[in-house]
Protein chains: 2
Amino acid sequence: MSSAAHEPAVRIGIVGFGTAGRAFVPAIHAHRGFALTAIVDPAETVRRAAVDEFGVAAYESLEALLEHADVDAIYVASPTALHRAQVLLACGARKHVLVEKPMAASLDDARAMTAAAYAAGVVLLVGHSHSYDAPVHAMRELIDGGELGRVRMVNTWCFTDWIYRPRRADELDTQQGGGVTMRQGSHQFDIIRLLCGGLARSVRARTFDWDPERSAIGAHTVFVDFADGAAATAIYNGYGHFFSTELCEGVGEWGFMSPGRPAADASTQAAGARRPRTPEEELLAKQARAKHAIPGDAPHQPHFGLTIVSCERGEIRQSPQGLIVYTDAGRTDLPLPASPSPRARVMAEFHDAICQRAAAVHDGHWGVANLEVCEAAIASSIRGRDVELKHQVALRAQR
Amino acid sequence: MSSAAHEPAVRIGIVGFGTAGRAFVPAIHAHRGFALTAIVDPAETVRRAAVDEFGVAAYESLEALLEHADVDAIYVASPTALHRAQVLLACGARKHVLVEKPMAASLDDARAMTAAAYAAGVVLLVGHSHSYDAPVHAMRELIDGGELGRVRMVNTWCFTDWIYRPRRADELDTQQGGGVTMRQGSHQFDIIRLLCGGLARSVRARTFDWDPERSAIGAHTVFVDFADGAAATAIYNGYGHFFSTELCEGVGEWGFMSPGRPAADASTQAAGARRPRTPEEELLAKQARAKHAIPGDAPHQPHFGLTIVSCERGEIRQSPQGLIVYTDAGRTDLPLPASPSPRARVMAEFHDAICQRAAAVHDGHWGVANLEVCEAAIASSIRGRDVELKHQVALRAQR
């Protein structure tokens with residue numbers, strides 16, 4: 001293929017202009033291989049704001065966009081339960097597709113999407129997830145270097161207030177891809193699979209729904225067994241008491257300093273955050289938050305909870321500036337360069353795949369395998385036993 | 001029963017005067033209900049030192065002690081594989097027994113010991129374990145208070161250099177109760193079971209043996225499912241690269257500041273610690289270490305790795321001074337009084353049980369249940385699936 005400089009820009013439309021959709025605009029603008037052409041959102045206020053702010057065309061539905069706008073690719077950032085129909089529609093129109101995580105509300109949906117992309121000969125990429133974060137990528141490169149030996153254990157903890165942030169009803173409904181195991185586990189399992197090589201074998205888990213005023217899967221304990229003998233655990237607790245940023249020198253998910261839990265005498269705001277809201281209030285709060293929820297230009301590396309990677313000859317974990325590596329020789333700090341945002345990495349991987357410069361890591365098969373772990377965790381909790389996995393794929397070599 | 005002041009002291013003999021045995025001497029001396037009368041050790045140098053230092057009788061075997069010394073109780077701190085025979089012997093002589101963890105080299109042995117104590121009508125206590133630590137005890141009291149709601153998740157990480165410390169061969173042999181899952185998991189599972197109420201249901205785990213120059217179970221990832229719906233994970237890595245004291249403000253297992261992992265340029269000593277030793281060198285190093293391995297009078301609370309307890313309405317974890325509790329009201333520091341050593345708590349529990357003032361928590365049945373989790377973790381790793389538990393007991397109410 002010709003180099004990026006001589007290729008026409010990939011014209012892209014965004015379906016669903018909420019937190020995830022908006023967060024991708026800077027990365028799309030920053031990549032000269034893409035041109036943001038149109039957006040789709042059901043809310044007229046959101047459409048009008050997008051037209052004013054970004055000078056793009058705006059449509060009420062994907063069908064309208066496909067009928068009226070010339071695009072080469074679609075980024076599907078709508079509610080998860082809509083992903084299947086929208087991805088099938090986009091593939092049917094031979095558009096490349098980037099689909100937000102969780103990939104779909106069910107494994108069946110995800111597999112249908114992968115099959116449709118294959119049949120249409122288009123790229124299907126799943127992202128953003130925190131496995132795109134520069135420190136996770138650097139951990140994988142260290143592992144590939146071989147000096148640390150095989151990965152044997154990956155353990156990750158993430159404690160946030162996920163469950164009490166403004167939510168649409170579908171974000172709290174497992175059947176529609178809601179709850180922390182689907183929406184945040186999809187980050188954790190993507191990271192774990194990337195670091196352990198992809199071929200998970202079985203899952204044992206408990207999921208928890210312990211606030212009756214905010215019923216949803218709000219926490220989980222997940223054990224993942226890998227075919228090569230590695231094991232991983234993913235702990236998530238979204239009930240907002242303890243924050244794992246306390247274990248990460250205060251650095252949060254997007255690389256900003258996070259206040260963590262205030263002392264007990266400054267608690268008015270914390271308690272207030274738990275007050276039930278009407279669906280309308282939640283939606284308005286979500287729309288207001290969407291503009292600021294995922295800021296860019298962070299002073300630190302993104303830090304999605306605390307992850308310790310145990311290899312045969314050493315350990316790796318994150319620091320605010322990069323990685324810390326522990327070997328027989330001692331402790332070594334590995335600063336990472338102020339990196340392109342994780343979403344810039346998504347756009348680069350998408351573009352490389354579209355232009356056939358490099359096969360995507362986070363393709364449909366990879367996304368299916370991540371979603372299978374999410375579903376298996378929920379199923380294991382219900383059944384009270386191990387769930388074997390059937391749709392796992394190995395990490396594709398990138399060199 | 002009459003009060004402690006009017007009871008004659010319980011005369012106690014220690015079998016095995018290594019690290020564990022020696023570490024109990026201050027706690028025995030500090031409890032006026034006990035009188036240390038005799039010790040047993042196969043090494044003449046150790047016996048002679050004990051006679052000189054503590055003015056006790058010293059014997060080459062438990063048989064000799066039982067024949068010649070008047071004791072009411074025996075503390076069995078010998079190599080694990082000897083526990084069964086020695087406990088059966090002590091019970092046969094109608095002596096109360098405190099047995100070091102792991103309770104035995106196999107569940108069968110442990111059950112035989114419990115049965116023998118029951119038949120003889122004597123107390124059988126298992127300890128020390130870190131579940132006796134004051135912060136763990138305080139966590140249990142907070143849970144019993146009920147304000148935090150039910151315990152739902154307990155997650156604990158411990159990263160040390162356990163595998164490279166001086167060892168006898170039996171300490172590295174699973175069949176003899178060796179390796180970290182038996183010897184250090186027994187701490188973790190005791191803590192987890194205490195905090196979750198005792199009734200574990202099943203275990204899923206991977207154990208690891210990844211240094212061929214020091215073959216033993218040196219790390220594990222263990223998922224424990226509880227009958228009431230709680231779940232716990234215990235991660236242990238004894239390969240000495242990363243130290244979890246880094247996550248505990250530098251406080252180690254016995255409440256002392258621990259240096260953690262030195263920087264890569266100060267590594268001579270760290271690399272030297274890995275050099276293989278002859279069995280004789282290891283034994284000498286162990287005997288030298290026994291006098292200092294477990295110091296008393298720590299400036300901080302004992303801190304066996306990092307444990308986060310997630311309850312329905314809040315979280316608990318340790319600080320160097322006590323506990324931190326996270327609730328809707330915010331973060332609260334709960335300092336704990338400079339506490340009696342964990343071993344003083346063991347002696348108090350043993351004495352209360354002998355004098356029938358209070359039934360022991362860490363009795364033979366509790367110890368069997370802890371050991372069952374150890375064995376199940378090893379079995380789960382071999383079989384690659386869940387192992388159901390059959391010998392679990394609920395935590396006994398203490399009030």
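**Exercise 1. How many salt bridges does the rule find across the interface of chain A and chain B?**

Before we start: this is a predicted model, where local features need pLDDT of at least 70, side-chain atom pairs count only at pLDDT 80 or more, and totals for chains, interfaces and linings use all residues. Residues are numbered from 1 along each chain as its sequence is written, chains are lettered from A and ligands numbered from 1 in the order in which they are written, and side-chain values use heavy atoms, with hydrogens and water left out.

*Solution.*
- Step 1: get the rule straight. A salt bridge is a side-chain nitrogen of Lys or Arg within 4 Å of a carboxyl oxygen of Asp or Glu.
- Step 2: apply it across the interface of chain A and chain B, and you get 10 salt bridges.
- Step 3: look at one of them. A:Arg204 and B:Asp225 pair up through their side chains, 3.0 Å from N to O.
- Step 4: sort the residues on the side of chain A that touches chain B: 25 are nonpolar, 16 polar and 16 charged. Here Ala, Val, Leu, Ile, Met, Phe, Trp, Tyr, Cys and Pro count as nonpolar, Asp, Glu, Lys and Arg as charged, and the others, Gly among them, as polar.

**Exercise 2. Describe the contact and buried area between chain A and chain B.**

*Solution.*
- Step 1: count residues in contact (heavy atoms within 4.5 Å). That gives 57 residues of chain A and 57 of chain B.
- Step 2: take the buried area, meaning the accessible area (1.4 Å probe) that two parts lose on being put together, summed over both. For chain A with chain B it is about 4,700 Å², with 59% of it on carbon and sulfur atoms.

**Exercise 3. Work out how the two domains of chain A meet.**

*Solution.*
- Step 1: find the pieces. Domain 1 of chain A is 4-129 + 343-363, and domain 2 is 130-340 + 373-388; these bounds come from an automatic or database domain assignment.
- Step 2: the centres of the two domains of chain A, taken over C-alpha atoms, are 24 Å apart.
- Step 3: 28 residues of domain 1 of chain A touch 29 residues of domain 2 of chain A, and about 2,200 Å² is buried between them.
- Step 4: who contributes? A:Thr19, A:Ser129 and A:Arg345 supply 31% of the area that domain 1 of chain A buries against domain 2 of chain A, more than any other three residues.
- Step 5: check for salt bridges between these domains of chain A: the count is 0.

**Exercise 4. Which parts of chain A does the salt bridge of A:Asp72 and A:Arg11 tie together?**

*Solution.*
- Step 1: confirm the pair. The side chains of A:Asp72 and A:Arg11 come to 3.0 Å, N to O.
- Step 2: place both ends. A:Asp72 is in the loop between α4 (62-68) and β4 (73-76) of chain A, while A:Arg11 is in strand β1 (residues 10-15), so the pair links parts 61 residues apart in sequence. (Helices, H or I with at least four residues, and strands, E with at least two, are DSSP runs numbered from the N terminus.)

**Exercise 5. Find the cis peptide bonds at A:His128 and B:Pro102, and say where these residues lie.**

*Solution.*
- Step 1: in chain A, the bond from A:Gly127 to A:His128 is cis, with omega near -5°. A:His128 sits in the loop between β6 and α7 (134-145) of chain A.
- Step 2: in chain B, B:Lys101 and B:Pro102 are joined by a cis bond with omega about -10°. B:Pro102 belongs to the loop between β5 (96-99) and α6 (107-120) of chain B.
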